[in-house]
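New to this one? Here is a quick tour, to be read with the model open beside you.

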Amino acid sequence: MAKPGKIPTKRRGLEIKTKTIEELKTLFETGDGIVLMDNNGLSVDQSTRLRSLLLENKVAVKVAKNTLIKIGLEKAGLDTAQFESVLSGPTIIAVGLEDPVSAAKGVTAFLKESKDEAPRLEING
């Protein structure tokens with residue numbers, strides 16, 4: 001039994017998942033252009049630089065479980081079938097907030113900037 005004022009762990013986990021799904025739904029509804037990337041092989045430094053570069057270009061960045069991403073896509077009214085083949089493994093979502101191609105441009109700029117470090121970032125879709 002949980003202590004008074006404390007939220008039980010299972011319910012707290014459900015609340016976090018529900019909040020994440022709502023954030024993803026809002027992002028998919030309001031954003032322009034979605035880029036999905038495989039998160040395997042990026043160092044913490046590379047991941048931080050990627051996020052910073054994308055945020056400078058008005059691109060929202062989110063890492064979430066694929067199941068939550070699928071639910072967020074469904075709730076936003078998007079066809080999840082077109083995303084099935086690219087949603088595997090750890091996924092980074094980049095969504096342009098002002099321009100449909102800003103997410104793709106930002107990721108491309110990061111890859112060009114980091115080519116000497118050989119980041120293992122793969123664009124899935």
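Is Lys58 buried, partly exposed or exposed? At 43% relative accessibility, Lys58 falls in the partly exposed class, because that class covers values from 20% to 50%. Keep in mind that this is a predicted model. The chain has 125 residues, and 35% of them are buried.

**The overall layout**

- You'll find four helices and four strands in this protein.
- Helices and strands take turns along the sequence, in the pattern α-β-α-β-α-β-α-β.
- If you take the contacts between residues at least 6 apart in sequence, 82% of them join residues at least 24 apart.
- About 7700 Å² of the protein is exposed, and 53% of that area comes from carbon and sulfur atoms.

**How confident the prediction is**

- The mean pLDDT for the protein is 84, and 87% of the residues reach at least 70.
- Helix α3 (residues 66-75) has the highest confidence, at 92, while strand β4 (residues 122-123) has the lowest, with a mean of 70.
- Where pLDDT is low, the predicted coordinates shouldn't be read in detail.

**Back to Lys58**

- Look for Lys58 in the loop that links α2 (44-56) to β2 (59-64).
- Lys58 isn't a glycine, yet its phi is positive, at about 60°.

**Strand β3 and its partners**

- Strand β3 (residues 91-96) is largely enclosed by the rest of the structure, because six of its six residues are buried.
- That goes for both faces of β3: Thr91, Ile93 and Val95 are buried on one side, and Ile92, Ala94 and Gly96 are buried on the other.
- Strand β1 (residues 32-38) pairs with β3 through six bridges, in the antiparallel sense. Within β3, Ala94 is the bridge partner of Val35.
- β2 also runs antiparallel to β3, and six bridges join the two. Here Val59 has Gly96 of β3 as its bridge partner.

**Thr91 and Asn66**

- Thr91 belongs to strand β3, and its relative accessible area of 0% makes it buried.
- Asn66 sits in helix α3 and is buried too, with a relative accessible area of 15%.
- What joins the side chains of Thr91 and Asn66? A polar contact of 2.8 Å does.
- Setting aside residues up to four places away in sequence, Thr91 touches Leu36, Met37, Asn39, Lys62, Val63, Ala64, Asn66 and Ile69.
- On the same basis, Asn66 touches Leu87, Ser88, Gly89 and Thr91.

**The nonpolar cores**

- In soluble globular proteins, nonpolar side chains tend to be buried together.
- Which residues touch the most other members of the largest nonpolar core? In this set of 16 residues, they are Leu24, Phe28, Ile69 and Ile93.
- At least two residues of this core come from each of α1 (9-30), β2, α3 and β3. The largest share belongs to α1, with four residues.
- There's also a second, separate core of 13 residues, and Leu54, Val59, Ile92 and Phe110 are among them.
- As for Phe28, its contacts beyond four places in sequence are Ile34, Ile69, Gly72, Leu73, Ala76, Leu78, Ile93 and Val95.

**Pairs that are far apart in sequence**

- Gly33 lies in strand β1 and is partly exposed, with a relative accessible area of 31%.
- Along the chain, Gly33 and Leu97 are 64 residues apart, but 8.2 Å separates their C-alpha atoms.
- Leaving out neighbours within four places in sequence, Gly33 is in contact with Ala94, Val95, Gly96, Pro100 and Ala103.
- Leu111 is part of helix α4 (residues 102-113), and a relative accessible area of 27% makes it partly exposed.
- How many residues lie between Leu111 and Leu50 along the chain, and what separates their C-alpha atoms? They are 61 residues apart, with 8.9 Å between the C-alpha atoms.

Methods. Residues are numbered from 1 along each chain as its sequence is written. This is a predicted model: local features need pLDDT of at least 70, side-chain atom pairs count only at pLDDT 80 or more; totals for chains, interfaces and linings use all residues. Side-chain values use heavy atoms; hydrogens and water are left out. Buried means under 20% relative accessible area, exposed over 50%, partly exposed in between (1.4 Å probe, protein chains only). Contact means heavy atoms within 4.5 Å. Accessible areas come from the Shrake-Rupley method with a 1.4 Å probe; for residues, only the protein chains shown count as cover. pLDDT is the predictor's confidence in each residue, from 0 to 100. Two strands pair if DSSP finds at least two bridges between them. A nonpolar core is a set of buried Ala, Val, Leu, Ile, Met, Phe, Trp, Tyr and Cys residues joined through side-chain atoms within 4.5 Å. A polar contact is a pair of N or O atoms within 3.5 Å; within protein, one must be able to donate a hydrogen and the other to accept it, and residues adjacent in sequence count only if both atoms are side-chain atoms.
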